[in-house]
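Me: I should like to study this protein chain through a short series of questions. Please reason through each answer and finish on the value or name requested.

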Amino acid sequence: MRRRVVVVAGIAAAAAIAGAAPLVGQTTRDREAPPVASPSAHVQQHSPMTFAPANPAQLEAARKSAFAPPAEAPSPQFSQMERTNSGPRTRHYWIKAVNVKWDVSPNGQDVIEGRQIAPEQRTLDAVVYRAYTPGWRKPLPNRAASGDNDGMPGPLIEARVGDTVLIHFKNEDRVHRNPHSIHTHAFSYAPGSDGAFIPQISGPGANVPVGRSFTYRLKAGPRSYGTWPYHDHSSSMHESIPQGLYGAIRIYKRNERLPDRRFVVAFAEHLGFNTINGRAFIGNTPTFTAKVGETVEWNVIAMGELFHTFHAHGHRWLGPAGEPIDNQEIGPGSSFTVRWKEDAPGTWFYHCHVESHQKNGMIGLLKVSR
Ligand SMILES: [Cu+2]
């Protein structure tokens, strides 16, 4: 009892001495990241919703579907990207900003806590990036073999170091009627292809009006390899990113081998939920599958207001210094690549380890078969 009093007094004294200065032991990142440093404000901001208790039959059905073993042996999922280096090339992406009614939680359930998410709590008037055939003639299919093209995140933009990438962008946001753009991290480009609105300076690619188009001319340089985000950086970006305008880029080194599996994970917030690829709660967030022996790669990005961590159960990967990691921090606009050789059969969680985020939807499944 006496010892406890001394400790409390010690903290109070330290705080008094420190005044407005950061507490001893606080890192630079802590000082720059109030959402992480003040968890109580953070929880108040992001848990304002109340939910109906689940309907037992619906909950049971959602659990059965989410936690079932993979129906068939999954096949590797690659699209336009060639598996080995075949020399620098020019790649064209035809992308539109389009409107969709986006359901953050299509099965309407939080299958872990047994809560029901009402349609009006989870439906968003979204504007998303969608990939099209040349000339924006028709949308590319949304399936594993051709790439995820449902909206959040936008289509994965892939290239190798040395490639030229032309993104032909058209703004078809007929609902919000905002100007939009595509600002890419990673690439080298002239200022006109930056896609960021700078009053009196930026050109037509920074604020593409509804019905108009612009082609961004990008180069994958020696410092472009890795996983990166792209997003709207027009004058409407603070409205449009929460409405869905962001995606991921993966640039491979010239002779880098592609993995057998590639999983894109985009952390963000929508309608007060903490989302993975625009969805909240298991069965809505992606359920990824892999087989023992395959090389599995995760392309992780974060958008929005919050700091997150990427945590995967039953697995570890190597950090920059070669040290094992199973939980890695990520802030808005940041990104990283995780790779491992799959050796752990079973059904595993992957999630953000900020517990309020995890509870608020930021969790998914990885199913590994032999
Ligand atoms: Cu988080």
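Me: Over how many bridges do S1 and strand S4 pair?
Reply: This is a predicted model, and the answer refers to its coordinates. Strand S4 covers residues 115-116. S1 and S4 pair in the antiparallel sense, and the number of bridges between them is 2.

Me: Which residue in S4 is the bridge partner of Ala52?
Reply: Strand S1 spans 52-53, and S1 pairs with S4. The partner of Ala52 in S4 is Gln116.

Me: Which strands stand at the edges of the open sheet S1-S4-S3, and why is one side of each left without a neighbour?
Reply: This open sheet has 3 strands with antiparallel pairing, in the order S1-S4-S3. Two of its strands have a single partner strand each, so one side of each is left without a neighbour in the sheet. These edge strands are S1 (52-53) and S3 (109-110).

Me: In the open sheet of 4 strands, what is the order?
Reply: The pairing in this sheet is mixed. S6 (154-160) and S8 (183-184) each have a single partner strand, so they stand at the edges. The order is S6-S11-S10-S8.

Me: Which residue in S11 stands opposite Trp228?
Reply: Strand S10 comprises residues 226-231, and strand S11 comprises residues 246-252. The two run antiparallel and are joined by 6 bridges. Opposite Trp228 stands Ile249.

Me: What percentage of the residues of the chain count as buried?
Reply: The secondary structure of the chain comes to 8 helices and 22 strands. Of its 370 residues, the share that count as buried is 39%.

How values were computed:
Residues are numbered from 1 along each chain as its sequence is written. This is a predicted model: local features need pLDDT of at least 70, side-chain atom pairs count only at pLDDT 80 or more; totals for chains, interfaces and linings use all residues. Two strands pair if DSSP finds at least two bridges between them. A residue is buried if 20 or more other C-beta atoms lie within 10 Å of its own, exposed if 12 or fewer, and partly exposed in between; C-beta atoms are placed from the backbone.
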